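Hi,

Here is the structure we talked about. Please open it first, then read the notes below it.

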Amino acid sequence: MPSKGAYQQRRPDKLAVSFTDPKGDLIIADGKFVWVFLQSATPGQVMKLTYADAGAQNTDLIGQFLDTPRSKYDIIDNGHESVGGRTTRVLTLTAKQGQALPFIRSKVWIDTADAMIRQFESTEATGLTRKVRLLTLTPNAPVDTGAFEFKTPAGVRIVEPGRLR
């Protein structure tokens, strides 16, 4: 199901994805917990995950492809494709045996003009595949510190693995 939104990140452990479609859905990593608030799928509840539950690597979506990729992945060059009118180099990254990574395989589209990742598609061990297209990028832009704070709306139930509230 396609979705749209804004993505902000403060390395190493903060992430905010606020969706405009479906409107109101949020994924926030605040440095201690990962909050998954997907009202379009599970109305009235939010998942509160520890970094171990969520997989700490998942909070740095782009960095996992950039930080020593040759040590973690086998890489195949798939040539050039256009993404959003920009020419990209397409690489397929397959997790090397013994690597504890959030994805077993990823395809990454890297802009040939500025070396920015313009799109990536990742497959988890469960078979779930996500494709993310980054249409507007502002490297080193100031981020909204408040974007990394999750405020539980009134009447929303907090669900934690192994605990009920």
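In which strand is the place of Val36? Val36 sits in strand S4, which covers residues 33–37. Bear in mind throughout that this is a predicted model.

**Around Val36**

Is Val36 buried or exposed? The relative accessible area of Val36 is 19%. Buried means under 20%, so Val36 counts as buried. Val36 has contacts further along the chain. Leaving out residues up to four places away in sequence, Val36 touches Leu26, Ile27, Val46, Met47 and Leu49. Look at Met47 in particular. Met47 is 11 residues from Val36 along the chain, and their C-alpha atoms are 5.0 Å apart.

**The aromatic residues**

Stay with strand S4, residues 33–37. How many aromatic pairs does a search of the whole structure find? The count is 3. Take Phe33 and Trp35. Their ring centres are 6.2 Å apart, and their planes meet at 65 degrees. Over 60 degrees counts as edge-to-face, so that is the label for this pair. Phe33 and Trp35 are both buried. They belong to one aromatic cluster, together with Phe37 and Phe150. Phe33 also has a charged residue at its ring. Lys48 lies over the face of Phe33, 4.3 Å from the ring centre.

**The start of the chain**

Now go back to strands S1 to S3. Strand S1 spans residues 4–10, and strand S2 spans residues 14–21. S1 and S2 pair antiparallel, with 7 bridges. To find your place, use Gln8, which stands opposite Ala16 in S2. S1 and S2 make a hairpin, and 3 residues lie between them.

S2 also pairs with strand S3, residues 23–30. This pairing is antiparallel too, with 6 bridges. Here the marker is Ser18, opposite Leu26 in S3. Leu26 has come up already, as one of the residues that Val36 touches. How many residues lie between S2 and S3 in their hairpin? The number is 1.

**The open sheet**

Next, strands S6 to S10. These 5 strands form an open sheet, in the order S6-S7-S8-S9-S10. The pairing is antiparallel. Why do S6 and S10 each have one side without a neighbour in the sheet? Strand S6 (73–83) and strand S10 (129–133) stand at the edges, and each has a single partner strand, so one side of each is left free of a neighbour there. From one strand to the next, the twist averages 15 degrees.

Inside this sheet, look at strands S7 and S8. S7 covers residues 86–95 and S8 covers residues 105–111. They run antiparallel and are joined by 7 bridges. Leu91 has Val108 in S8 as its bridge partner.

**Around Val90**

Val90 lies in strand S7. How accessible is Val90, buried or exposed? Val90 is buried, and its relative accessible area is 0%. Its contacts are worth a look. Not counting residues up to four places away in sequence, Val90 touches Ile76, Asp77, Asn78, Gly79, His80 and Glu81, along with Lys107, Val108 and Trp109. Among them, His80 is 10 residues from Val90 along the chain, and the two C-alpha atoms are separated by 5.8 Å. Val108 is in that contact list, and Val108 is also the bridge partner of Leu91.

Best wishes

Note on methods: Residues are numbered from 1 along each chain as its sequence is written. This is a predicted model: local features need pLDDT of at least 70, side-chain atom pairs count only at pLDDT 80 or more; totals for chains, interfaces and linings use all residues. Side-chain values use heavy atoms; hydrogens and water are left out. Two strands pair if DSSP finds at least two bridges between them. Helices (H or I, at least four residues) and strands (E, at least two) are DSSP runs, numbered from the N terminus. Axes are lines fitted to C-alpha atoms, for helices over the stretch in contact, and angles run from 0 to 180 degrees between N-to-C directions. Buried means under 20% relative accessible area, exposed over 50%, partly exposed in between (1.4 Å probe, protein chains only). Contact means heavy atoms within 4.5 Å. Rings of Phe, Tyr and Trp (its six-membered ring) pair if their centres lie within 6.5 Å; planes under 30 degrees apart count as stacked, over 60 as edge-to-face and the rest as tilted. A charge sits over a ring if NZ of Lys or CZ of Arg is within 6 Å of the ring centre and within 35 degrees of the ring normal.
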